[in-house]
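Biologist: I would like a close look at one part of this model, with enough of the whole to place it. Please keep the explanation plain.

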Amino acid sequence: MSVRIDDVDRKILAELQRDASQSLDDIAKAVGSSKTPVWNRIRKLREAGVVGQQTVVLDAEALGFEACFFVLIRTSEHEADWQARFLQALRDRPEVQEAHRLAGDIDYILKVRVKNARAYDAFYQALISEVRVHNVTALLSMEEIKSTTMLPIET
């Protein structure tokens with residue numbers, strides 16, 4: 001479904017990205033509209049797939065997940081069966097926050113959040129026991145400089 005997005009829609013999207021828990025009244029006030037038209041626009045954006053799942057952002061460190069690893073994976077396996085098993089293994093592991101298939105020398109990059117290095121090793125051992133990979137490089141993030149899910153919505 002294709003949807004046209006105008007300036008009011010962009011303002012609504014910016015407000016939702018900033019804080020999706022705010023009231024419909026607050027969003028309407030921020031975008032200079034009334035509640036019913038804003039609700040209708042949000043519903044239209046949801047139906048079109050522009051607005052997806054609403055969730056809450058948790059503080060990983062406050063919950064004890066102090067280690068963030070970026071895992072670079074090279075594989076010599078490219079068969080459909082291997083790929084299906086690999087992708088399922090990633091989906092089954094809650095430690096994997098992101099997984100991307102790449103162009104270039106590295107086949108996949110994962111963002112893995114765990115409590116510590118020992119927990120990463122357990123994750124790694126479990127992964128390689130399920131699927132064969134050619135080469136794995138784990139990079140420990142020393143400091144998170146920026147992390148956002150917000151898109152640069154021009155208003």
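What radius of gyration does the protein chain have, and what would a compact globule of 155 residues have? After that, please take me through the sheet: which strands stand at the edges, and which helices pack on the sheet or lie across its strands?

Modeller: This is a predicted model, and every value below is computed from it. The protein chain has a radius of gyration of 20 Å, whereas a compact globule of 155 residues would have one near 15 Å. Along the principal axes, the C-alpha atoms fill a box of roughly 55 × 35 × 25 Å. Of the 155 residues, 27% are buried. The accessible surface comes to about 10800 Å², and carbon and sulfur atoms account for 49% of that surface.

The protein chain contains 5 helices and 4 strands. In sequence order the pattern is α-α-α-β-α-β-β-α-β. Among contacts with a separation of 6 or more, 69% are between residues 24 or more positions apart.

Now the sheet. The sheet is open and has 4 strands, in the order β2-β3-β1-β4, and the pairing is antiparallel. The edge positions belong to β2 (96–101) and β4 (135–140); each has a single partner strand, so one side of each is left without a neighbour in the sheet. On average, neighbouring strands of this sheet are turned by 20 degrees against each other, direction ignored. As background, strands of a sheet pair through backbone hydrogen bonds, and the pairing can be parallel or antiparallel.

Take the edge strand β2 as a place to look. β2 pairs with β3 (residues 108–114) in the antiparallel sense, over 5 bridges. To find this pairing in the structure, look for Arg101, which stands opposite Tyr108 in β3.

Two helices belong in this view. Helix α4 (residues 80–91) lies across β1 (67–74), β2 and β3, and runs at about 25 degrees to β3. Helix α5 (residues 117–130) packs on the sheet as well, touching β1, β2, β3 and β4. The direction of α5 makes about 135 degrees with that of β3.

Strand β3 also takes part in a link to another segment. The side chains of Arg113 and Glu144 meet in a salt bridge, with 3.5 Å from N to O. Arg113 is in strand β3 and Glu144 is in the segment after β4, 31 residues apart, and the pair links distant parts of the chain. The two ends have different surroundings: Arg113 has a relative accessible area of 13%, so Arg113 counts as buried, while Glu144, at 47%, is partly exposed. The cut-off behind this wording is that buried means under 20% relative accessible area, and exposed means over 50%.

That salt bridge is one of 10 in the structure. Others involve the helices that come before the sheet in the sequence. Lys35 forms a salt bridge with Asp25, and their closest N and O atoms are 3.9 Å apart. This pair also links distant parts of the chain, with Lys35 in helix α3 (residues 35–47) and Asp25 in helix α2 (residues 24–31), 10 residues apart. Lys35 is partly exposed at 43% relative accessibility, and Asp25 is partly exposed at 46%.

A salt bridge within one helix joins Arg43 to Glu47, with the closest N and O atoms 3.7 Å apart. Both residues lie in helix α3, 4 residues apart, which is about one turn of the helix. Arg43 is partly exposed, at 36% relative accessibility.

Finally, consider two residues outside the sheet. Leu13 lies in helix α1 (residues 7–18), and at 10% relative accessibility Leu13 counts as buried. Leaving aside residues up to four places away in sequence, Leu13 touches Ile5, Leu45, Val50, Val51 and Ile153. Leu13 and Met150 are 137 residues apart in sequence, yet their C-alpha atoms are 9.7 Å apart in space.

Val50, one of the residues that Leu13 touches, lies in the loop between α3 and β1. Val50 is partly exposed, with a relative accessible area of 36%. With the same residues left aside, Val50 touches Val3, Ile5, Leu13 and Leu45. From C-alpha to C-alpha, Val50 and Ile5 are 9.6 Å apart, and 45 residues separate them in sequence.

How values were computed:
Residues are numbered from 1 along each chain as its sequence is written. This is a predicted model: local features need pLDDT of at least 70, side-chain atom pairs count only at pLDDT 80 or more; totals for chains, interfaces and linings use all residues. Side-chain values use heavy atoms; hydrogens and water are left out. Two strands pair if DSSP finds at least two bridges between them. Axes are lines fitted to C-alpha atoms, for helices over the stretch in contact, and angles run from 0 to 180 degrees between N-to-C directions. Contact means heavy atoms within 4.5 Å. A salt bridge is a side-chain nitrogen of Lys or Arg within 4 Å of a carboxyl oxygen of Asp or Glu. Buried means under 20% relative accessible area, exposed over 50%, partly exposed in between (1.4 Å probe, protein chains only). The radius of gyration is taken over C-alpha atoms; the globule rule is 2.2 Å times the number of residues to the power 0.38. Accessible areas come from the Shrake-Rupley method with a 1.4 Å probe; for residues, only the protein chains shown count as cover.
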